[in-house]
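Thanks for making time today. I would like to walk you through one structure, going from its cysteines to its helix packing and then to its nonpolar cores.

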Amino acid sequence: MSRKTEFKPGRTKTRSAIVLAGGRGRRMGLVEKALLEFEGKTILEHLLENLFRVVDEVVLSVRDMSQKEKLILVLEKFPAREIRFCFDTLEDAGPLEGIRAGLLESGSEYSFICAGDMPFVNFRVVDLLFEKAEGHDAALPRWDERMFEPLHAVYSRKMLPEIEKAFERGKHSVLAPVFQMQDVVFVEVSEIREIDPELRTFANINTVEDLESMIESAVEKAKL
């Protein structure tokens, strides 16, 4: 496993990633999706290896101590890396609460947010989003005027007060606070496709069929 962090020359500001691992995997029989394995590694291992090529630390947002104990064995494979946990304090608030907890724990001004079931997050795409976000409130991938990737985006700490306001309004959508920020950079998916032609960076696993398809795709690529 490579531990090389591919920071660009001259970069001095730290970068964080917040992995939202608190989902209960209801469509997969309440399994811990981050611990599912393919190609000899768990999804979480694949994800962490990709992220640590361009970030300094990872914050794992989890439901509770029980889930932390399940995931901590994976972290032992990254002894030289900065990995911390954070916990939801609001129940049934969805991923937005995980983002809030993660941003509070993050040691950086900017954090890349992603779900814990995304094994193919492309570090070059993450690097692009950090560069786009610099000096702004956020960098958010956009398919079109109404379709976005809010759980594969870079946010600044300016999102925190907007999350609090969203909760006060009874809004739990991730996009609710995003659209209240004043300076969001939208990154067109067409630009991301230049880096990741198949857009595998956005792929996540919601069902057993998703995982089987992922494994079959990996096998086919190995035959080429």
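How many disulfides does a search of the whole structure find? The answer is zero, and I should say at once that this is a predicted model. As for individual cysteines, Cys 86 counts as buried because its relative accessibility is 4%, under the 20% cut-off, and Cys 114 is buried as well, with a relative accessible area of 0%.

Let me turn to the helices. Helix H3, residues 95-105, packs against helix H5, residues 159-168, at an angle of about 145 degrees, with the two axes 10 Å apart, and the crossing of H3 past H5 is left-handed. On the H3 side the contact involves Leu 96, Glu 97, Ile 99, Arg 100, Leu 103 and Leu 104, which meet residues of H5 including Met 159, Ile 163 and Phe 167. Sorted by class, this contact has nine nonpolar residues, three charged and no polar ones. H3 is largely enclosed by the rest of the structure, because eight of its 11 residues are buried, among them Gly 98, Ala 101 and Gly 102.

Finally, the cores. The largest nonpolar core has 41 residues, and those touching the most other members are Leu 44, Leu 48, Leu 51, Val 55, Val 58, Leu 60 and Phe 112. Helix H4, residues 123-133, supplies the largest share of this core, seven residues. Leaving aside residues up to four places away in sequence, Leu 51 touches Ala 17, Val 19, Val 58, Phe 112, Val 121 and Cys 114, the last being the buried cysteine I mentioned earlier. Apart from the largest core lies another, of 25 residues, with Leu 20, Leu 103, Ala 138 and Leu 140 among them.

How values were computed
Residues are numbered from 1 along each chain as its sequence is written. This is a predicted model: local features need pLDDT of at least 70, side-chain atom pairs count only at pLDDT 80 or more; totals for chains, interfaces and linings use all residues. Side-chain values use heavy atoms; hydrogens and water are left out. Axes are lines fitted to C-alpha atoms, for helices over the stretch in contact, and angles run from 0 to 180 degrees between N-to-C directions. Helices (H or I, at least four residues) and strands (E, at least two) are DSSP runs, numbered from the N terminus. A crossing is left-handed if the near helix is turned anticlockwise from the far one by less than a right angle, and right-handed if clockwise. Contact means heavy atoms within 4.5 Å. Ala, Val, Leu, Ile, Met, Phe, Trp, Tyr, Cys and Pro count as nonpolar, Asp, Glu, Lys and Arg as charged, and the others, Gly among them, as polar. A disulfide is a pair of cysteine sulfur atoms within 2.5 Å. Buried means under 20% relative accessible area, exposed over 50%, partly exposed in between (1.4 Å probe, protein chains only). A nonpolar core is a set of buried Ala, Val, Leu, Ile, Met, Phe, Trp, Tyr and Cys residues joined through side-chain atoms within 4.5 Å.
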